[in-house]
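Subject: Structure handover

Hi,

Here is the structure we talked about. Please open it first, then read my notes below.

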Amino acid sequence: MALSTDFGPATALSCRECGTRYEIGPNFACIECFGPLEVAYEFGDVTRADIESGPTNIWRYRSLLPVPVDVSTKPNMQPGWTKLVKADNLAGELGMRALYVKDDSGNPTHSFKDRVVAIAVEAARNFGFHTLSCSSTGNLAGAVGAAAARAGLDSCVFVPANLEEAKIVVASVYGGRLVGIDGTYDEVNRFCSELIGDSLGEKWGFVNVNLRPYYAEGSKTLAYEIAEQLGWRIPDQIVIPVASGSQLTKIDKGFKELIRLGLVEPKEYRIFAAQAEGCSPVSTAYKAGHDVVQPVKPDTIAKSLAIGNPADGPYVLDIARRTGGAVEDVTDPEIVAAIRLLARTEGVFAETAGGVVLGVTRKLLENGKLDPDAETVILNTGEGLKTLDAVSAEARPAAVIRPSLDAFRTAFAN
Ligand SMILES: *Cc1c(COP(=O)(O)O)cnc(C)c1O
Ligand SMILES: [Zn+2]
């Protein structure tokens with residue numbers, strides 16, 4: 001009883017494969033079939049007015065999340081309510097009619113990961129964990145470091161040692177422990193699974209492993225915000241980056257909940273998934289017509305998306321096919337071109353993951369899969385300043401001159 005109150009409207013964990021239900025706890029895999037567990041709810045009456053009168057962060061949706069009712073009074077990062085930019089200039093260049101960029105670089109540690117970590121922190125508190133941890137492709141490590149600092153928890157995060165410099169700094173500056181591992185993200189993740197079973201990892205909450213069911217729910221807030229910011233309407237099409245695929249599956253869950261609760265008109269919407277060619281296991285499976293995803297070894301500048309063995313890959317395939325969307329991938333040069341296009345047209349400097357999304361959007365328009373006349377939202381999930389290397393060779397001064405009119409005139413003659 002006490003436990004279910006602390007988790008708000010969440011009532012159980014349920015297996016996504018076989019439906020077996022479990023009490024709420026720090027578990028993530030089904031004992032019957034090893035399928036992933038997710039949070040199940042019994043929602044009360046939720047109205048638009050209740051939500052609209054809430055705080056301007058993800059806690060305005062607390063009655064739809066596995067968090068206590070007084071969550072906004074606790075020390076946390078208060079992420080969310082990021083800008084939905086109406087991208088008319090970009091739409092013009094792409095020949096689209098109604099295009100929006102949901103710009104999640106505006107979160108406290110400049111990526112969408114602050115949303116998922118905020119939910120995991122509440123779960124960690126409820127379960128009595130003293131240390132917050134994760135395996136990360138970069139952004140998650142920073143979000144965990146900051147959230148742990150604010151919440152007064154210890155943190156110890158694990159990343160591939162070859163990450164971008166800015167992500168190493170962001171993940172270290174909050175005072176927790178950052179451990180670089182010589183290996184890929186998938187190897188880091190396997191190491192964390194071993195740590196959970198060992199006394200070294202006792203009382204540790206790994207946000208994306210043993211707290212994954214709670215963590216994942218944070219991505220629903222992207223769906224809620226997009227719908228509310230459009231005037232309580234689900235867009236026709238949405239393009240979402242895929243690393244593990246968790247974010248994409250939970251945005252779909254969020255839209256479905258809004259419809260079920262009568263907060264938006266029921267409608268069909270199409271979900272498109274975006275990957276980098278250098279790490280495109282889901283896109284490859286999609287194009288081959290497969291239901292299973294073959295792991296790959298990543299090699300791409302889009303390091304935040306470099307998960308070679310994506311846990312939610314099969315669900316992404318299912319959602320893209322069921323909603324009439326698609327999965328597509330782009331090359332590193334296409335990612336860089338897209339980062340520059342978004343910056344030039346809308347003044348939004350995206351990290352490489354945002355370049356993947358816009359690059360894929362462009363490609364889907366070219367191959368006729370995306371309808372240019374339908375209302376479309378694309379995600380920018382991270383901040384360009386964290387992946388400067390992607391564009392630093394091309395984004396240079398137009399000239400370096402002496403401070404004189406003559407020098408300026410000479411440099412820019414004709
Ligand atoms: C983690 C991350 C994603 C995708 O995450 P999923 O594992 O698919 O939920 C997308 N963009 C950025 C910038 C990220 O850091
Ligand atoms: Zn099961």
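Start with the stretch 79-382. Its end C-alpha atoms lie 13 Å apart. The span is 44% helix and 16% strand. Those bounds come from UniProt, where an unreviewed entry annotates residues 79-382 as "domain: Tryptophan synthase beta chain-like PALP". Keep in mind that this is a predicted model.

Domains

The domain assignment cuts the protein in another way. Domain 1 is 2-69 + 113-215, and domain 2 is 83-110 + 219-390. Their C-alpha centres are 22 Å apart. The two are in contact through 25 residues of domain 1 and 29 residues of domain 2.

Which elements carry the domain 1 side of that contact? Those giving two or more residues are α2 (48-52), α4 (113-127), α5 (139-151), α6 (165-172) and α7 (185-196). Helix α5 gives the most, with four residues. By class, this side of domain 1 has 14 nonpolar, five polar and six charged residues.

The six-stranded sheet

Six strands make an open sheet with mixed pairing. The order is β4-β5-β13-β10-β11-β12. At the edges are β4 (83-86) and β12 (327-330), and each of them pairs on one side only. From one strand to the next, the twist averages 25 degrees.

One pairing to look at is β5 with β13. Strand β5 covers residues 99-103 and β13 covers residues 376-380. They run parallel and share five bridges. Within this pair, L99 has T376 of β13 as its bridge partner.

Helix α14 (residues 352-366) packs on this sheet. The helix touches β10 (237-241), β11 (270-276), β12 and β13. Its direction makes about 115 degrees with that of β12.

The three-stranded sheet

There is also an open sheet of three strands, in the order β2-β1-β3, with antiparallel pairing. Why do β2 (21-22) and β3 (37-41) each have one side without a neighbour in the sheet? Both stand at the edges with a single partner strand, so nothing in the sheet flanks the other side. Strand β1 (residues 10-15) pairs with β2 in the antiparallel sense, over two bridges. Across that pairing, L13 stands opposite Y22 in β2.

The ligand

How many residues surround ligand 1, and which come nearest? There are 17 around ligand 1, and the nearest are N139, S244, Q247, T381 and G382. The shell around ligand 1 divides into six nonpolar, nine polar and two charged residues.

If you want a viewing order, I suggest the domains, then the sheets, then the ligand.

Best wishes

How values were computed:
Residues numbered from 1 in each chain as written. Chains lettered and ligands numbered in written order. Predicted model: local features only at pLDDT ≥ 70, side-chain atom pairs only at ≥ 80, totals over all residues. Domains from an automatic or database assignment. Contact = placed C-beta atoms within 7 Å. Nonpolar A, V, L, I, M, F, W, Y, C, P; charged D, E, K, R; others polar. UniProt positions renumbered as here; feature names shortened; annotations may be inferred. Pairing = 2+ DSSP bridges. Axes fitted to C-alpha atoms, helices over the stretch in contact; angles between N-to-C directions. Near = placed C-beta within 6 Å.
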